[in-house]
Amino acid sequence: MAVSSLRAGRRDTRIVIERLTEVSRDSLNQPIMDWTEHAKLWANVFFGTGAEQRAAAQTEATQAASFEVLASSMTKAITTADRIAFMNGHWDIRAVVPIGREGIKINAVMRVP
């Protein structure tokens with residue numbers, strides 16, 4: 001059974017999944033970590049509803065969104081330790097949920113200045 005929100009025409013936004021990775025070592029042989037590109041994906045983006053935005057604003061200024069992408073070995077490896085680069089900001093991944101066998105839904109929030 002196909003999931004209608006995963007049709008190719010709906011995934012029209014490019015996002016980048018970033019992963020904290022050891023990029024080198026310092027003079028004491030301690031790892032130097034930095035965010036590197038894990039995957040560049042086409043996604044269908046849904047911004048949080050007004051109620052979610054008001055609830056988020058009460059705790060701190062954040063914007064919530066869900067990103068739907070096709071399932072693959074790369075997208076199935078996404079975890080809450082990763083982040084999304086999108087709209088000139090970085091989105092902290094809060095949950096990664098399978099959508100049947102065809103897709104992955106990533107729920108994330110971005111701090112708003």
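# Strand pairs and rings in a barrel

Me: Which residue in β6 stands opposite P98?
Reply: P98 stands opposite a residue of β6, and that strand covers residues 103–111. Keep in mind that this is a predicted model. The residue facing P98 is I104.

Me: How many bridges hold β5 and β6 together, then?
Reply: β5 covers residues 89–99, and β6 pairs with β5 in the antiparallel sense. The hairpin they make has three residues between the strands. As for the bridges between β5 and β6, the count is seven.

Me: Which residue in that hairpin of β5 and β6 takes a positive phi?
Reply: The spot to check is the hairpin of β5 and β6, with three residues between the strands. The phi in question is near 60°. The residue that takes it is G100.

Me: What's the bridge partner of F86 in β5?
Reply: F86 closes β4, which covers residues 83–86, and β4 runs antiparallel to β5 with four bridges joining the two. One of the facing pairs is R83 with D92. For F86, the partner is G89.

Me: And which residue in the turn between β4 and β5 has a positive phi?
Reply: β4 and β5 form a hairpin with two residues between them. One residue in that turn has a phi of about 55°. That residue is M87.

Me: Where does β1 fit in, and what is I17's bridge partner in β4?
Reply: β1 covers residues 13–25 and is joined to β2 by 12 bridges, antiparallel; V16 there stands opposite K40. β1 also pairs with β4, again antiparallel, over three bridges. In β4, the partner of I17 is I84.

Me: In what order do the strands run round the closed barrel?
Reply: Along the sequence, the chain reads β-β-α-β-α-β-β-β, with two helices and six strands in it. The barrel is closed and its pairing is antiparallel, and the twist averages 40° from one strand to the next. Round the barrel, the order is β1-β2-β3-β6-β5-β4.

Me: Are the rings of F47 and W91 stacked, edge-to-face or tilted, and why?
Reply: The structure holds five aromatic pairs. For F47 and W91, the ring centres are 6.4 Å apart and the planes sit at 50°. Planes under 30 degrees apart count as stacked and over 60 as edge-to-face, so a pair at 50° is tilted.

Me: How many residues apart are F47 and W91 along the chain?
Reply: F47 sits in β2 and W91 in β5, so to speak distant parts of the chain that the pair links. Both also belong to one aromatic cluster, along with F67 and F86. Along the chain, F47 and W91 are separated by 44 residues.

Me: Is W91 buried or exposed?
Reply: F47 has a relative accessible area of 41% and is partly exposed. W91 comes out at 0% relative accessibility. Buried means under 20%, so W91 counts as buried.

Me: What share of the contacts between residues at least 6 apart joins residues at least 24 apart?
Reply: For the overall picture, 35% of the 113 residues count as buried. The accessible surface comes to about 7,100 Å², with 53% of it belonging to carbon and sulfur atoms. Among those contacts, the share joining residues at least 24 apart is 57%.

Note on methods. Residues numbered from 1 in each chain as written. Predicted model: local features only at pLDDT ≥ 70, side-chain atom pairs only at ≥ 80, totals over all residues. Heavy atoms only, no water. Pairing = 2+ DSSP bridges. Axes fitted to C-alpha atoms, helices over the stretch in contact; angles between N-to-C directions. Phe/Tyr/Trp six-rings, centres within 6.5 Å; stacked < 30°, edge-to-face > 60°. Buried < 20%, exposed > 50% of the residue type's maximum accessible area, 1.4 Å probe, protein only. Contact = heavy atoms within 4.5 Å. Areas by Shrake-Rupley, 256 points an atom, 1.4 Å probe, with all protein chains shown as cover.
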